[in-house]
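Visitor: I am new to this structure. Can you show me how to read a few of its features?

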Amino acid sequence: DMPKRVENALILTCNVSLEYESTEVNSGFFYKSAVERESMVKAERKFIDDRVEKIIALKKKVCEGTDKQLVVFNQKGVDPLSLDALAKEGILCLRRAKRRNMERLTLACGGKPMNSVDDLDESCLGYAGLVYEHVLGETKFTFVEELANPRSVTLLIKGPNAFTINQIKDAARDGLRAVKNAIEDKCVIPGAGAFEVAASQALVEFKKTVRGRARLGVQAFSDGLLVIPKTLARNSGFDAQDTIVKLQEESQVTGEHVGLDVSTGEAILP
């Protein structure tokens, strides 16, 4: 049986067919006897077996005399005979991996994806401290953990239903994008309604320099920004008007960009 858990694993990611494939064009083989047919089948099988033997030879080359094991992630198919040959050598092989997962594996584990088994060497291998199969619900997952220098990771989200999972997924995606934007823009906007209160007060000051009907537009924009802290206050069980007055007074006295503490209803520095 193929191992279900491998420690100190060398990772080979490849896109090589290890199964018999029909030709892409219409073709046929004609033989006169059962012997010719048998030789043809053996030739086809040998073509696949040679590829498997090269993977096994790589495993012996890099793992013999050490406690390391080889794990193969293949984007294409692997037939039962090839799986059996790999299992006998203690090689964990996963077939028909999705392309996006293969790209993430090379980022996480290192190494490089191989489209041929002719040039296999130790430089094309990645590393993971632990690779194991785990069942969640009715689905089998393969976890690759204890990586040396991962540049790609996976977030496992579990929930009681699809709606909850989608909500968590959206929240995680928003949080990651916020961090990404902060790193790229090299600045952070405070939350808790602090930005909206400060921007509203700045617009009130700006309105003094505006003449005519445009002053009404500036005032409307200023009032519109206060919808965010008012909504935070209502959702937290506080009076919206009292909260806004409290935040504006605190901001004018301290000169700081204060926001709303949804637990106490008081002003805080977010």
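Guide: Start with cysteines. A disulfide is a pair of cysteine sulfur atoms within 2.5 Å. Keep in mind that this model is predicted.

Visitor: How many disulfides does the structure hold?

Guide: Zero. Take Cys14: its closest cysteine sulfur, in Cys93, is 7.0 Å away, which is too far for a bond. Cys124 is in no disulfide either, since the nearest cysteine sulfur, that of Cys14, lies 9.1 Å from it.

Visitor: Are Cys14 and Cys124 buried or exposed?

Guide: Buried means under 20% relative accessible area. Cys14 has 3%, so Cys14 is buried. Cys124 has 1%, so Cys124 is buried too.

Visitor: Now helices. What span should helix 4 have?

Guide: Count 1.5 Å a residue. Helix 4 covers residues 162-185, 24 residues, so the expected span is 34 Å. The end C-alpha atoms are 34 Å apart, which agrees.

Visitor: What sits at the ends of helix 4?

Guide: Asn161 caps the N-terminal end, with a side-chain oxygen 3.3 Å from the backbone nitrogen of Phe163. Just after the helix, Lys186 takes a positive phi of about 55°.

Visitor: And strands? Which strands pair with strand 4?

Guide: Among them are strand 1 and strand 5. Strand 1 (residues 5-14) runs antiparallel to strand 4 (residues 126-136), joined by six bridges. There, Ala9 stands opposite Ala128. Strand 5 (residues 139-145) is also antiparallel to strand 4, over seven bridges. Here Leu136 stands opposite Thr139.

Visitor: What lies between strand 4 and strand 5 in their hairpin?

Guide: Two residues. In this hairpin, Gly137 takes a positive phi near 70°.

Terms used: Residues numbered from 1 in each chain as written. Predicted model: local features only at pLDDT ≥ 70, side-chain atom pairs only at ≥ 80, totals over all residues. Heavy atoms only, no water. Buried < 20%, exposed > 50% of the residue type's maximum accessible area, 1.4 Å probe, protein only. Helix = DSSP H or I, 4+ residues; strand = E, 2+ residues; numbered from the N terminus. Expected span 1.5 Å × (residues − 1). Polar contact = N/O pair within 3.5 Å; in protein donor to acceptor, adjacent residues only side chain to side chain. Pairing = 2+ DSSP bridges.
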